[in-house]
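Visitor: I'm new to this one, so please show me around and keep it relaxed.

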Amino acid sequence: MWRRFKIFSVVVAWLLATGSQWEIMQTVAWAKMIAENARTMSLSAAVSETLSGQKPCSMCKFVAGAQQQEEHSNATVPATETTGKIVLFCYEIPDAVPTQAAVNTWREFDLQALDLLRLAPPTPPPRSCHV
């Protein structure tokens with residue numbers, strides 16, 4: 001039950017975010033107009049008259065106005081000093097030049113000093129007694 005609700009919610013949010021509600025409303029308006037026109041004429045004539053766009057219904061006019069308003073409100077404003085927009089991800093990335101890693105050469109003295117620091121264990125390791 002919850003899984004279906006979550007999937008339904010995501011699909012509805014996706015449709016609303018992409019502006020698909022206007023296409024769905026337009027499809028409903030066309031279906032309504034085709035059904036109304038099919039009462040007085042043939043189905044092919046009703047479809048051609050509906051999709052011609054010569055006589056839009058009130059719902060078609062509403063959808064067209066809403067789509068135009070949404071496109072106008074989503075127009076991008078160029079970023080200037082007065083808008084105060086911060087550009088976060090458009091910085092130029094310098095070319096990475098791989099270099100050869102420096103080879104660490106140990107001097108003989110360093111190796112001897114490391115040997116001196118290695119001490120013997122304080123006690124011999126435990127022995128297992130097999131009885």
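Guide: Let's start with a word we'll lean on: two residues are in contact when heavy atoms of theirs lie within 4.5 Å. This is a predicted model, where local features need pLDDT of at least 70 and side-chain atom pairs count only at pLDDT 80 or more, while totals for chains, interfaces and linings use all residues. Residues are numbered from 1 along each chain as its sequence is written, and side-chain values use heavy atoms, with hydrogens and water left out.

Visitor: Then which residues does W30 touch, not counting those up to four places away in sequence?

Guide: W30 sits in helix α2; helices are DSSP runs of H or I with at least four residues, strands are runs of E with at least two, and both are numbered from the N terminus. C60 is 30 residues away from W30 in sequence, yet their C-alpha atoms are 8.0 Å apart. Skipping those close sequence neighbours, W30 touches T50, L51 and C60.

Visitor: Is W30 buried, exposed or partly exposed?

Guide: Buried means under 20% relative accessible area, exposed means over 50%, and partly exposed is in between (1.4 Å probe, protein chains only). W30 has a relative accessibility of 34%, so the label is partly exposed.

Visitor: Which residues of α2 are buried, then?

Guide: The cover over them includes α1, α3 (43-52) and α4 (58-73). One of the buried ones is N37, at 18% relative accessibility, which contacts A46, E49 and T50 once neighbours within four places are left aside. The buried residues of α2 are S20, W22, Q26, A29, M33 and N37.

Visitor: And how many residues of α1 are buried?

Guide: Helix α1 covers residues 2-18 and reaches 24 Å from its first C-alpha to its last, close to the 24 Å expected (1.5 Å times one less than its number of residues). α1 is hardly covered, and among its 17 residues the count of buried ones is zero.

Visitor: How are α1 and α2 placed relative to each other: roughly parallel, roughly antiparallel, oblique or roughly perpendicular?

Guide: Their axes, lines fitted to C-alpha atoms over the stretch in contact, with angles from 0 to 180 degrees between N-to-C directions, come within 5 Å and cross at roughly 90 degrees. Angles under 35 degrees count as roughly parallel, over 145 as roughly antiparallel, 65 to 115 as roughly perpendicular and the rest as oblique. That makes α1 and α2 roughly perpendicular.

Visitor: Which residues of α1 and α2 meet there?

Guide: Just after α1 comes G19, with a positive phi near 80 degrees. From α1 we have L15, L16 and T18, and they meet, in α2, S20, Q21 and I24.

Visitor: How many disulfides does a search of the whole structure find?

Guide: A disulfide is a pair of cysteine sulfur atoms within 2.5 Å. The closest cysteine sulfur to that of C57 belongs to C60, and because it is 3.4 Å away, it is too far for a bond. Of the two, C57 is partly exposed at 22%, while C60 is buried at 9%. The number of disulfides found is zero.

Visitor: Last one: in what order do the elements of the chain run from the N terminus on?

Guide: Buried residues make up 9% of the 131 residues in the chain. The secondary structure comes to five helices and zero strands. From the N terminus on, the order is α-α-α-α-α.
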